[in-house]
Amino acid sequence: MLESILAWSIRRRAVVLLLALGLVVVGVLSFRALPIDAFPDTTPVQVQINTAAPALGPLEIERQISAPIEQAISGLPGLVEVRSVSRFGFSQVTVIFDEETDIYLGRQVVSERLGTVQLPPGIERPSLGPVATGLGEVFHYVVRGDGRSLAEVRAAHDWIIAPQMRSVPGVAEVNSWGGDERQIQIVVDPIALQARGLTLHDIVEAVERDGRNVGGGTMYDAGGSFLVLGSALLTEPEQVGDIVVGAERGVPIRVKDVAQVVEGREIRRGAVTANGKGEVVLGLGFMLLGENSHGVTDRLALRLKEVEKSLPAGIVVEPLYARTEIVDQVLHTVRTNLLEAALLVVAVLFAFLGSVRAGLIVAVAIPLSMLVASTLMLRLGIAGTLMSLGAIDFGLVVDSAVIQVENAMRKLGHDTSSRSREEIVAEAVTEVRKPTMFGELIIFIVYLPVLLLEGTEGKMFRPMALTMLFALFGSLLLSLTVIPALASWVLPRHAKERDTFLVRVLKAGYAPILVRSLRWPFIPLTLALGLLAGGVYLAPKLGAEFIPRLQEGALVVNTVRLSGVSVEESVRYGSEIEEHLMAKFPDEIKHVWTRTGTAEITTDPMGVELSDVFIALRPREQWKRASTQDELAEEIAGELDGYPGMRALMTQPIEMRVNEMVSGVRSDVGIKLFGDDIEALKANAREIETVVKTIPGASDVVTEQVTGQPILSIDVDRAAIARHGIAAGDVLDVVEALGAIEVGTLQQGDRRFPIAVRLDDRYREDPEAAASVLVTSTSGERIPLSELARVHITESPASVQREWAKRRIVVQANVRGRDVASFVAEAKKAIDDQVHLPAGSYVRFGGQFEHFERAKARLMIVVPIALALIFGLLYVTYGRVRDAARVFLGVPFAAVGGVAALYFRGLPFSVSAAVGFVALFGVSVLGDMVLVSTVRQLEAEGYAPLDAVREAAIQRLRPVLMTALVASLGFVPMALNTGMGAEVQRPLATVVIGGVVTATILTLFVLPALYAVFGRTTKLG
């Protein structure tokens, strides 16, 4: 069948080349439409359930909201994990499904289960977070107003900017963070209220009954009908003051007679400062799941420029962070790697083939294979990223073409018959097509373990494997069609085939060494065994990590202060840190902004004691205080060490967001301590933190802050209120009014602002003033709050974290200067030896290490299966165990080179390196297959065994070296590049380059020696 396809391609080469032109058109169109991003989206399929309950503390939130929701969600199909965060006034439950679950199906089944949850009276129904992922936060911009209040700035964002930004195609949500949310407040003086014989409940009821629309049904008149509508909407604050609350001696008592109506703000749960210039409003653009981040970010930036024209005077918008910046820089790294790799491959082809025509024929395989890969990527929804496009090895892509064209040139140069060029080329490509095709099938097989990876590691590396397979599939098609057609058309018929100067030099140096290897084979075999022993010795010394840290060109400092700190104090801290960093790093920092607390739509539930300081960096060539991002991070961390009452954790925007969405952990290693008693958890977590800090490599060790939130607790005394004839509701109304009781809405055009009732500020300034508020009984008696309830200050957990309905505290740590795997192993032993946990408590390790362990376990199963399949395929190819074993020997030899390359470059073993080994196993057998096939062919022609080995080794030196060089040089730019995103490719490229070197040594010297010792066989029958 192969012979028929090759013969047809050569006979119908005009048709083949016309089809190739069509492929170019389709491929270019596909490439232009291909989604582009920096990194693959590794976020699992998850749904966030947010519930607001302003009247409840963390423990009550956990008991009355989070726990019932978790119970309702349990048992859903495809459920992988359920975790929750309970904070003052807020609950977030995160539900994670397996990868096969459609996100919209997941949201549907979660919504159905939420309908069965019974929540306390007065609590709003839970809502689902936006349909976005860890990579969905693609655009940050700030809004500030010269001479404008924060309320005006926030209103401009909420009602002018955000609606226009939300209409951008591909946008899931535009979130608001910081500023003041306008609130019309009815500030009540209890003394004035009681002087008129009124209560808080009277005002609340009066405003709730006012300011609404009602329907009066339908009226009929003379055969027609019209609707009846009654409207009393409140449109101005003055109208609120005119609402009638009661009457005294026939004179109406209005709200403004017993209270002040003022412009106020809602209780603040978040704030944003920027560049040390004070508070601003931050807008966050979220991308819909599956959208093209580059396109969405560009559209958001363009829309923001259009929005500026519609803003009121004094309102200014400024973009701070756009995903396109990191995408463009990563793509620059990818383009550089691919271009340099292509040039190196083409240079090798010219140097070995010595023919411009032959070199161009082989080089054609590179762009055409890429276009095939682009078309298939678009059809299967694989984005063009650092991991998909950036890991393509052009050497593997052109291997088949190299061997075919080299053999065709040799045949054309040596053939003295009268046969046509087409016949000779057909014979040449058919002669090598079978071993090269089996080599390609082997490469397909070795990528099987990568395709079978699960979770985060699967989402990270599967696109790379698929893209490489698509390119190899394109190469396979081209080697059956376009390459033979071009060779039969372009290569000269009577060209004198002679080696280039480089090949002649190599053969002259190789031939005497080969003769000595065949004469004294135990010398190269002994050296080979020593090389294998060295690889076994070095392998355990490598260390291990999940994947290298991707440099994003931006940093985030997670800061933690004492629970109970005010928003204003957090704002002051944020501005001070920004000013300090801008002054100390003017050449490194472009923008710095601080997010404190939570946003309007809570995608990341944080208390006001928690802040994320985002740092956008200038181009690296402008830096003066550091040469790498890791060095700069250490410098910044050193500058922040002196701030009292604050702990800092360094990370990056995408890394932080993905980590917290995947596992709820923001660092490299998360030590999760599970238990039931919060006090015991807190004490054990402190012990673990102390132990971890003593381990070399530990950095940014922080225990999750769960306690220390002061609460003014007002516990109603049932006996006291019964004695005085006062309802508990009247007492609770007073307590709620210390904050704000929402009673209505002010409608101004399409803008809506809440109306709330609260007590005068003098009752809200300290606990004693609050305890002195008088409550009126049914008999008219006025009783201080302190006599009706126990007023005292207590301490409560700031938050309660749960995972699978079990409370947890996380001790987080980053790892610097060593590999993660050895760090975790040491931490486990130290915790087991030094920390004694009570019954029912246990420790689990999460974060990046968790992904590495899962990937390692998976690879330990599927890699041996893949290697067994390779051996089986080799046996099918040669029909003899001995020949299959000779070729398969390239695998351990290649592994030795990969290990040595990692060791001498100081790189730990990672999933990225593991993928490199997987690719290497396929590359390592190609040269061996070419040599073994030629040996068998010569034996069949009558050569003595050793003569066949010697002749085959000399004859096939050029293709063996060419395939090895193009496979390794294709990865050289990737191994040496220091651009953004190159970190994750470096181990992969290093492994392949080192492994190809040792595999080639095996092919050229050890394999002939093996024939000399074990290969004295008779001719094939």
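This section describes the nonpolar cores, a nonpolar surface patch and the surroundings of H140 in a predicted model. Local features were taken only at pLDDT of at least 70 and side-chain atom pairs at pLDDT 80 or more, while totals for chains, interfaces and linings use all residues. Residues are numbered from 1 along each chain as its sequence is written, and side-chain values use heavy atoms, without hydrogens and water.

The largest nonpolar core (buried Ala, Val, Leu, Ile, Met, Phe, Trp, Tyr and Cys residues joined through side-chain atoms within 4.5 Å; buried means under 20% relative accessible area, exposed over 50%, partly exposed in between, with a 1.4 Å probe and protein chains only) contains 178 residues. Within this core, F394, V398, Y447, F461, L874 and V911 touch the most other members. Helix α32 (residues 911–940) supplies the largest share, 18 residues; helices (H or I, at least four residues) and strands (E, at least two) are DSSP runs numbered from the N terminus. A second, separate core holds 40 residues, including V207, V240, I243 and L759.

Strand β5 (residues 137–145) contains H140, which is buried at a relative accessible area of 1%. Beyond its neighbours within four places in sequence, H140 is in contact (heavy atoms within 4.5 Å) with residues including L282, P319, Y321, W593, R595 and F614.

L452, by comparison, is partly exposed because its relative accessibility is 33%. This residue is located in the loop between α15 (448–451) and α16 (455–480).
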